[in-house]
Amino acid sequence: MDNQSTGEALHQDLKKKYLADYNPTSAITTLAGVNTVPDTWRVKTPTLSMMQKDLGPDFVVDFLALWITEMNEMLNISVKMNPTQIYYTARQILAELPLITVAHIKLAYQRIITGYYGKDYNRIDPSTICSVFRMIWEEHFEAAEMDSLQGHYNKKEAPDNIYDMEIAKLVKKFKMKNT
């Protein structure tokens, strides 16, 4: 087997692993303990940008579309999103929020399904879904700031979790890029 064939096989294996581990049905079960933004920090799930680096933007858009389609089907509403809206929303989420993790996606799904932010008024659309993701991301920063302040007051040392430090570096880079 040549290097290109080996690379393609590894690429396909990675796709299968992501889909097996992080499809809505599996992730809802394995991430059942993720009910708040700080809970998203306690589990190690990939960011959209990591998935994009590994498998390309088309895979990530399809992955997000899978979750959005599941939400669309789960809600008992009369006006559902069409495929064009679903894929638009997926591309928008990837473009705006590349640092969210699968745990954030599960949390958004859960909050949309349960009406955490209010009634859906019998419809769902790209702006509704994107707004929930933005609110969760803002909550992420607020919770991180509170956690940092609490750590400072408790005279804790820097986090020893390598994953948290990587996320902090990515967030800093993302903020610098967008300012």
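These exercises, each with a worked solution, concern a predicted model.

**Exercise 1. Helix H7**

Task: Find how many residues of H7 are buried, and compare the expected span of H7 with the distance between its end C-alpha atoms.

Solution:
- Step 1. Helix H7 covers residues 102–114.
- Step 2. With 1.5 Å a residue, a helix of 13 residues like H7 should span 18 Å. The end C-alpha atoms of H7 lie 18 Å apart, so the two values agree.
- Step 3. The buried residues of H7 are Val102, Ala103, His104, Ile105, Lys106, Leu107, Ala108, Tyr109, Arg111 and Ile112.
- Step 4. That makes 10 of the 13 residues, so H7 is largely enclosed by the rest of the structure.
- Step 5. Glycine 115 follows H7, and its phi is positive, near 70°.

**Exercise 2. Two residues of H7**

Task: Decide whether histidine 104 is buried or exposed, then do likewise for isoleucine 113, and list the contacts of each.

Solution:
- Step 1. Histidine 104 belongs to helix H7. Its relative accessibility is 2%; the limit for buried is under 20%, so histidine 104 counts as buried.
- Step 2. Apart from neighbours within four places in sequence, histidine 104 is in contact with Thr40, Phe133, Ile136, Trp137 and His140.
- Step 3. With one of these residues, threonine 40, histidine 104 makes a polar contact from side chain to side chain, at 3.4 Å.
- Step 4. Isoleucine 113 is also in helix H7. Because its relative accessibility is 26%, isoleucine 113 counts as partly exposed.
- Step 5. Residues up to four places away in sequence being left out, isoleucine 113 touches Met71, Met74 and Leu75.
- Step 6. Between isoleucine 113 and asparagine 76 there are 9.4 Å in space, C-alpha to C-alpha, and the two are 37 residues apart in sequence.

**Exercise 3. The buried side of H4**

Task: Where around the axis of H4 do its buried residues lie?

Solution:
- Step 1. Helix H4 runs over residues 48–55, and its buried residues are Leu48, Met51 and Leu55.
- Step 2. These residues cover an arc of only 60° around the axis, so they are on the same side of H4.
- Step 3. After H4 comes glycine 56, with a positive phi near 95°.

**Exercise 4. Aromatic rings**

Task: How many aromatic pairs does the structure hold? Describe the pair of tyrosine 18 and phenylalanine 59 and the pair of tryptophan 137 and phenylalanine 141.

Solution:
- Step 1. The structure has six aromatic pairs.
- Step 2. Tyrosine 18 and phenylalanine 59 make a tilted pair, with 6.2 Å centre to centre and 40° between the planes.
- Step 3. This pair links distant parts of the chain, 41 residues apart: tyrosine 18 is in helix H1 (residues 3–22) and phenylalanine 59 in helix H5 (residues 57–74). Both tyrosine 18 and phenylalanine 59 are buried.
- Step 4. Tryptophan 137 and phenylalanine 141 form an edge-to-face pair, 5.1 Å centre to centre, with 80° between the planes.
- Step 5. Tryptophan 137 and phenylalanine 141 are four residues apart in helix H8 (residues 126–153), so about one helical turn separates them. Tryptophan 137 has a relative accessible area of 6% and is therefore buried.
- Step 6. One aromatic cluster is formed by Tyr18, Tyr22, Phe59 and Phe63.

**Exercise 5. A charge and a ring**

Task: Over the face of which residue does arginine 111 lie?

Solution:
- Step 1. Arginine 111 is one of the buried residues of H7.
- Step 2. Arginine 111 lies over the face of tyrosine 116, at 4.2 Å from the ring centre.

Definitions and conventions
Residues numbered from 1 in each chain as written. Heavy atoms only, no water. Helix = DSSP H or I, 4+ residues; strand = E, 2+ residues; numbered from the N terminus. Buried < 20%, exposed > 50% of the residue type's maximum accessible area, 1.4 Å probe, protein only. Polar contact = N/O pair within 3.5 Å; in protein donor to acceptor, adjacent residues only side chain to side chain. Contact = heavy atoms within 4.5 Å. Expected span 1.5 Å × (residues − 1). Arc of directions from axis to C-beta. Phe/Tyr/Trp six-rings, centres within 6.5 Å; stacked < 30°, edge-to-face > 60°. Lys NZ or Arg CZ within 6 Å of the ring centre and 35° of its normal.
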